[in-house]
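The following exercises ask the reader to locate features in the displayed coordinates. Each task is followed by a worked solution.

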Amino acid sequence: MSLHSIRPWRDIPRRKSRQIMVGNVPVGGDAPITVQTMTNTLTTDVAATIKQVQAAADAGADIVRVSVPDEASSKALREIVREVSVPIVADIHFHYKRGIEAAEAGAACLRINPGNIGDEKRVREVIKAARDHNCSIRIGVNAGSLERHLLEKYGEPCPDAMVESGLDHIKILQDNDFHEFKISCKASDVFMAAAAYQQLADATDAPIHLGITEAGGLMSGTIKSAIGLGNLLWSGIGDTIRVSLSADPVEEVKVGYEILKSLGLRHRGVNIISCPSCARQGFDVIKTVEALEKRLEHIKTPMSLSIIGCVVNGPGEALMTDVGFTGGGAGSGMVYLAGKQSHKLGNEGMIEHIVEQVEERAAQIEAEAVKAAE
């Protein structure tokens, strides 16, 4: 039997990395690429933070990061961890004691920044706390906060400086016999971030956390992240991702999944394939897709839906989707199920009918998965 893929142009051989655990979520190795986000509420506002973590989890976040800037936030973290359903990463800057407190409070992972966490003695104390409380660590290098000696050596933030910073801190962890770590080297400059990650991927087998930091608002940041992260993921680099947007954390999760879905690296929910519409459309494609995106947010089953305005590409696209609708004439179109023509449908009431068909198909897919597992 041939081991070659049927469609080799879709294959993305992933970089081989060690696997670590962030709480109960595996990161690296052959584990699915995980999607992360970060809360933007005051951590001391426990109720608001829990609400935001849960909203992100409902949207599909596997891991959520929470900032721990002061002792009051450390105390709040203990309550937050107890009430949420996903592993929490404690974001630590400047104060190494916050890292110790966060580990004691139940954080699944500590994010420490080599540029501001302090000297090696302080890092060792954080390592001890992480080990004592079964907590992993993310070394989070950022182009905007590199160590002074590296800026003096290289003259400015650059990929070489970022990778050197990361490898220096990997050595500290390894010298202390601590190996439950992942690493990131983020920059707001897409070129700098991509070059740094490519170097880092060759220099270590640690799981890599991808991100383009401070990417911008919802639209510009999505595009910037898709270019930067997409380029790296396509080359097989990346074990967990966070899309950094000046937007609701739920939007970061959605964008993260869309990036992974576009590369076939991970699937969750309905992948809508739709045309941009033109004068040939047999119904209002744009409004229909907008409505369906909202109506189908509750579907978690990986599946595809094609919504095409006319018969130029509609039938062809429908052949490759679980459910499809192609616009026709006289106020009606054709419904496709599992790639085959099924029945005509009038434009009136089409949204309700398509939602029903998607829900039924999702239930079938789930039932088939259960049966196959048995």
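**Exercise 1.** Which residue in strand 14 stands opposite Thr326?

Solution. The model is predicted, with pLDDT of at least 70 needed for local features and 80 or more for side-chain atom pairs, while totals for chains, interfaces and linings use all residues. Residues are numbered from 1 along each chain as its sequence is written, and side-chain values use heavy atoms, leaving out hydrogens and water.
- Helices (H or I, at least four residues) and strands (E, at least two) are DSSP runs, numbered from the N terminus.
- Strand 13 (residues 323-327) and strand 14 (residues 332-337) run antiparallel and are joined by 5 bridges.
- Opposite Thr326, in strand 14, stands Met334.

**Exercise 2.** Describe the sheet of strands 11-12-13-14-15 and the helices lying across its strands.

Solution.
- The sheet is open, has 5 strands in the order 11-12-13-14-15 and shows mixed pairing; two strands pair if DSSP finds at least two bridges between them.
- Strand 11 (270-274) and strand 15 (340-346) are the edge strands, each pairing on one side only.
- On average, neighbouring strands are turned by 20° against each other, direction ignored. Axes are lines fitted to C-alpha atoms, for helices over the stretch in contact (heavy atoms within 4.5 Å), and angles run from 0 to 180 degrees between N-to-C directions.
- Helix 10 (residues 285-295) lies across strand 11 and strand 12 (303-308), at about 160° to strand 12.
- Helix 12 (residues 350-373) lies across strand 11, strand 12, strand 13, strand 14 and strand 15, at about 155° to strand 12.

**Exercise 3.** Is Glu252 buried or exposed?

Solution.
- Glu252 belongs to helix 9 (residues 249-262).
- Buried means under 20% relative accessible area, exposed over 50%, and partly exposed in between (1.4 Å probe, protein chains only).
- Glu252 counts as buried because its relative accessibility is 2%.
- Leaving aside neighbours within four places in sequence, Glu252 is in contact with Thr37, Met38, Arg242, Val243, Ser244 and Leu245.

**Exercise 4.** How many of the 10 residues of helix 3 are buried?

Solution.
- In helix 3 (residues 96-105), 8 of the 10 residues are buried, so described as mostly covered.
- Among them are Tyr96, Arg98 and Glu101.
- The cover includes helix 2 (71-83), strand 5 (88-92), strand 6 (109-112) and helix 4 (120-132).
- Just after helix 3, Gly106 takes a positive phi of about 105°.
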